[in-house]
Amino acid sequence: MFSRPPGAGRAAGIMFETCAAMLGVVMAMTLAYAASDQDCINATAWSESVIASLPVDPAPKVDKSIISEADFIVVGGGTAGAVVASRLSEVSKWQILLLEAGPEEPRGTMVPAFGSIYKDNPNYEWAITVQDTPNEKSGDLNRAKMLGGQSVNNGMVYIRGSKADWKCWEEAGATGWTAEEALRYYKKSENNLNPDIAKDARNHGTGGLLPVQRMPYLDNTSKLIRAAFKEAGMKEVDLNGDASEGFMFAQNVMKGSKRFSTNRAYLSQQRALRSNLKVLTGATARRVVIDQRSKRATAVEFTDTDGKTHVVKAKKEVVLSAGAIFSPHLLMLSGVGPADQLKAAGIPVIVDLPGVGEKLMNHIGGMVHPTINLTKTVSLPTPASMMNDIKLFSEDSGPLSTQGPSKVRTFERSPYQPANDKRPYLQWEVTRSSNGRTIPACSGTSASASCYYNQVKMTLVLLQPHKYGSLKLNTTHPTEQPVIAQAVFTDKRDVKIHARGVKDMVERLQGSAALSDSGAAVVPPSAGSACSKEKAGSEEYYQCVLLATGGRTWSHQSGTCPIGTVLDPRLRVKGVPNLRVADAASFPCLSNGNTMAPVIMIGEKAADLVKADNGENV
Ligand SMILES: Cc1cc2nc3c(=O)[nH]c(=O)nc-3n(C[C@H](O)[C@H](O)[C@H](O)COP(=O)(O)OP(=O)(O)OC[C@H]3O[C@@H](n4cnc5c(N)ncnc54)[C@H](O)[C@@H]3O)c2cc1C
């Protein structure tokens with residue numbers, strides 16, 4: 001319906017697309033109105049009308065034909081895999097095959113206000129269950145299954161972590177992964193679109209494929225949170241520059257008002273232009289075929305959406321970029337991993353590598369939320385205001401282009417962390433929620449937050465917990481998902497650091513004139529009567545509340561095939577020299593911040609390592 005008419009020139013095509021899209025908006029908004037009264041807006045019709053307003057992408061070059069061999073096979077077209085495949089295909093004499101289990105990226109992902117809109121949608125998500133462990137009833141783990149991987153469906157925040165992270169990498173044996181080297185690749189990937197930040201050319205790049213910018217619109221609550229944090233003595237800084245502490249309205253992977261995944265940034269145009277880059281979606285790798293005698297990866301076995309098995313020969317190398325859960329799983333299914341687990345599952349051992357899945361690193365946070373109830377800075381949406389939001393969105397502004405105060409990130413040291421560790425251990429996240437006044441048709445959908453919120457919840461994330469989880473082969477059903485156990489507040493030091501952080505923040509917010517002047521009420525976390533024996537507001541009280549309410553791991557799983565025990569510093573699997581792992585699994589140390597930016601950096605450097613090892617100048 002919205003495709004360009006045959007033979008139309010570019011300008012005419014764009015006009016046609018715009019008009020067709022606006023027609024779609026009007027039709028869908030009519031549906032939303034029909035199902036709405038003053039307080040109740042049909043969220044599904046609303047979401048559809050927003051999606052209909054998006055510019056039409058050129059149709060991706062979809063070629064379902066199977067090839068029998070390629071020079072390089074990249075498994076997993078996610079955050080890192082899209083980068084690796086794209087960069088390798090710059091060498092036109094090489095044939096690159098990218099295998100992605102999920103489908104093409106859908107268009108709705110471009111709307112920042114929709115957040116992780118495809119979370120829990122079985123068409124675009126792996127269903128992964130996690131073991132219950134003390135202090136955490138884990139339930140499920142969200143992993144995107146589509147081209148672009150988690151970069152399509154995450155919080156978009158672009159945070160590189162601490163420059164002091166690289167000391168830990170060096171100590172783990174990651175020779176050559178220094179702060180300066182990482183910066184080189186961050187800058188290579190980055191197209192920083194905010195001039196006030198981009199002018200710091202030592203720390204930022206503007207020529208890369210990845211658009212990075214702040215969300216273009218600040219709502220009133222965001223301005224209020226900024227005022228409260230400044231009042232609390234926090235400095236507004238560029239957390240990807242020289243400062244490692246302070247707060248920031250984070251930059252995100254986006255351009256104008258739209259999200260960019262690594263698929264959109266690195267693959268969509270390249271696929272259309274490069275005949276040596278073949279992308280197969282719906283292609284689930286089952287194992288890497290490794291020759292028992294030579295210990296070389298020779299092929300990848302995968303199944304298509306009809307369940308048919310194919311084997312593609314790898315003439316040079318295989319790169320696993322299937323993420324922190326599936327890269328180690330694929331290694332084990334291919335005979336590389338802890339020998340005891342492989343033998344118990346009946347998988348012939350090719351290389352005994354006990355480090356595969358031995359640790360599953362992750363940030364942890366408490367379900368202990370200081371909350372700010374809002375009154376003056378929020379207003380209920382109306383059909384007219386929502387229509388206006390769509391107009392603003394098409395002009396690269398307005399509420400649909402933002403996630404409001406959810407983009408605030410703070411990094412601070414804890415008085416209880418080791419004094420010689422330069423990484424700030426505490427990160428506060430702010431999320432929007434709705435309490436008391438809900439709009440029935442808006443609640444329970446991903447679009448709800450873009451409809452209305454009247455509360456912000458603060459969540460403290462511990463960036464360097466003292467305990468990690470693990471990932472093991474399911475030895476009775478090895479092809480099923482691995483057995484995943486995370487670790488949450490099982491170390492007393494973590495409980496102490498977290499509780500003190502919550503106490504300090506509550507006290508600062510309660511003393512904020514900016515908040516009280518705007519009618520906002522700060523509600524400290526509580527666990528009902530469970531902690532009534534402790535003095536309210538004391539560190540012991542918040543420790544009790546934390547243990548009573550429990551915590552959870554973040555979505556930053558990493559380190560399941562780390563450099564050091566599993567990979568050499570060139571990301572090659574020890575004992576299988578033409579097989580590499582390049583994604584969040586490769587981290588030897590937990591990044592001191594959100595993980596997408598470091599994963600993209602790894603993808604960039606991985607491609608250069610592969611090129612250099614195969615005779616190309618980089
Ligand atoms: C809900 C959520 C929100 C987040 N928000 C942020 C944020 O705001 N900022 C941030 O920095 N980080 C965020 N993260 C974390 C970050 O997105 C991830 O750490 C990062 O994207 C992981 O990249 P990856 O390449 O390792 O894996 P992925 O991006 O998950 O890519 C792996 C790909 O491999 C495919 N695959 C897996 N197995 C196979 C197979 N057998 N055959 C073929 N293909 C396969 C998958 O379908 C997927 O596309 C978030 C994560 C989640 C879950």
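A residue is taken to be near the ligand if its C-beta atom, placed from the backbone, lies within 6 Å of it.

**View 1. The shell around the ligand in the predicted model.** In this predicted model, the ligand is surrounded by 42 residues. G76, G78, G149, G155 and N594 are the closest of these. By character, the shell comprises 17 nonpolar, 20 polar and 5 charged residues.

**View 2. Helices and strands that contribute to the shell around the ligand.** At least two residues of the shell are supplied by each of the helices α3 (79-88), α9 (323-333) and α16 (596-613). The strands β2 (96-100), β4 (140-144) and β11 (284-290) likewise each supply at least two. The largest share, 4 residues, comes from α9.

**View 3. S275 in the loop between α8 and β10.** The loop that holds S275 lies between α8 (262-273) and β10 (277-281). S275 counts as exposed because it has 11 C-beta neighbours inside 10 Å, and the cut-off for an exposed residue is 12 or fewer. S275 and S92 are 183 residues apart in sequence, yet their C-alpha atoms are 8.4 Å apart in space.

**View 4. Confidence along the chain and two stretches with pLDDT under 50.** The chain has a mean pLDDT of 88, with 89% of its residues at 70 or more. Residues 1-39 stay under 50 in pLDDT, and the model gives them 45 contacts beyond four places in sequence. Residues 438-449 are also below 50, with 33 contacts beyond near neighbours in sequence. Where pLDDT is low, the predicted coordinates should not be read in detail. For the model, ipTM is 0.99 and pTM is 0.93.

Notes
Residues numbered from 1 in each chain as written. Predicted model: local features only at pLDDT ≥ 70, side-chain atom pairs only at ≥ 80, totals over all residues. Nonpolar A, V, L, I, M, F, W, Y, C, P; charged D, E, K, R; others polar. Buried ≥ 20, exposed ≤ 12 C-beta atoms within 10 Å, placed from the backbone. pLDDT = per-residue confidence, 0-100. Contact = placed C-beta atoms within 7 Å.
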